[in-house]
Amino acid sequence: MNNNALDHYYNMADILTVSQVLDIVIRLSGEGTTRSELARLTGFSKSTISNHVETLLAENLVLEGSGFSRGRKNSHCIYFNADCGCVISVDVGVTSLNVAVCNLVGKPLAASFQEDVDVNLGPHIILNQAITTAQNLLNHNHIPMTKVFGIGVGIPAPIEFATGRPSQPPLMHGGWENYPIKETFEEAFGKPAFVDNDVNIMAMAEYEAENTHNDGNFLFVKLGTGIGCGIFCGGKIYRGASGCAGDIGHISIEGNDDLCACGNRGCLENLAGGAAIQKRIQWMAQNGKSDFLASCLAKNEPITCRTLGAGILAQDVACKEFVYQTGLYIGEVMAKLVNFYNPSMVVFGGGLINLGDLLFTGIREKIYRCSTALATRNLQIKCSSLGEQAGIKGAAIMVRDRIFMPSQFSKNYLLFREEARPNTLV
């Protein structure tokens, strides 16, 4: 980076306009943009845009080269430089921990490290494990801390986004309530940390992906140990007044009166979440409701969701009916959301999507049966293509968006720049 590129911008208003240009470049980075387009989109003069682009080029935040902008070949396209820095990405699951060092579009620079954990061991053990793993990845790959913009963390719990603290997490016990996750990572690395519900960061990754990049109104549903929904509205994640929007796992299912871990009865998660499914199929195995599951139990094999998937492949009728019915439960809730929100797309991710077509047959059937014709006329229902890397990718994107957010740019990026080059005065 050029040490003097931003040094003449003593006025914070000028720095804000630079950050606004950068924000647009980031949003259009997949296809590139031009100086003329930037002038049109911002309302700034071409000379002002030229000055700002030159500043961003000198700072190594953008690149310029030939390419296609809005489908037209152009010799001078502007692109965001995703490799100008990196992010520590941490995806905490109920039964897994995934840690990676990524560039600013979520591409792992150091091989991500995933391991089985029990989140109920508590935040001290789990977060220290994540911190140690991240430090080892940085050291092993010779990545200096001066290249790290921040830390992004996804947690399977309702999060008060402003503080980064879990609030009454139904699937996380052992001291997670109101635990200072944000401060823990900031103290460990000396960099800003951002914490969000895991399904929100997965939704961010999906939005960035090519297949939904231009769709500003969609739902991302994670089907895992718990069930949650990331809501994109007008191209931005919607968190609600307190940060807990999308907690659809605790919407009740008609005719279901089972007590849920959250304290309420009839919750979707208590029927279709991974933990609930495992309990139900264990009961099926023990009571001879499925020949396949009973045979697995007789051989002392563990009865898990993977066992259920194997039962489907073995054409076990009970397993197939069980998965189809689970899809109907999920579809019942989704139909309500489709009627209410009218998204153009619903994307499903999480480990349970591996149960396959029967699950989605049930989901689709219920959505189309119980939603209005207008709401489903152009509705797309699909599986995410990002797999287990969705959380890692989304965590990196969350940090990038927060660091380069125009209202935060002067605080976050310039602080990073000062730390990376202590002799530079801004």
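Glu269 belongs to helix 7 (residues 269-272), where helices are DSSP runs of H or I with at least four residues, strands are runs of E with at least two, and both are numbered from the N terminus. The model is a predicted one, in which local features need pLDDT of at least 70, side-chain atom pairs count only at pLDDT 80 or more, and totals for chains, interfaces and linings use all residues. Residues are numbered from 1 along each chain as its sequence is written, and side-chain values use heavy atoms, with hydrogens and water left out.

Glu269 is buried but forms no salt bridge, and Lys222, the nearest side chain of opposite charge, is 9.0 Å away. Buried denotes under 20% relative accessible area, exposed over 50%, and partly exposed in between (1.4 Å probe, protein chains only). A salt bridge requires a side-chain nitrogen of Lys or Arg within 4 Å of a carboxyl oxygen of Asp or Glu. A polar atom of the Glu269 side chain lies 2.9 Å from the backbone nitrogen of Ile227. Beyond its neighbours within four places in sequence, Glu269 has contacts (heavy atoms within 4.5 Å) that include Leu171, Thr225 and His250.

Two asparagines have positive phi values, as tabulated here.

| Residue | Phi | Loop | Relative accessibility |
|---|---|---|---|
| Asn60 | near 70° | between helix 3 (46-58) and strand 1 (62-69) | 30%, partly exposed |
| Asn300 | near 60° | between helix 9 (291-298) and helix 10 (305-313) | 71%, exposed |

Among the cysteines, Cys229 is buried at 1% relative accessibility, and Cys260 is buried at 7%. The number of disulfides is zero, a disulfide being a pair of cysteine sulfur atoms within 2.5 Å.

Note on methods. Lys, Arg positive; Asp, Glu negative; His and termini not counted. Polar contact = N/O pair within 3.5 Å; in protein donor to acceptor, adjacent residues only side chain to side chain.
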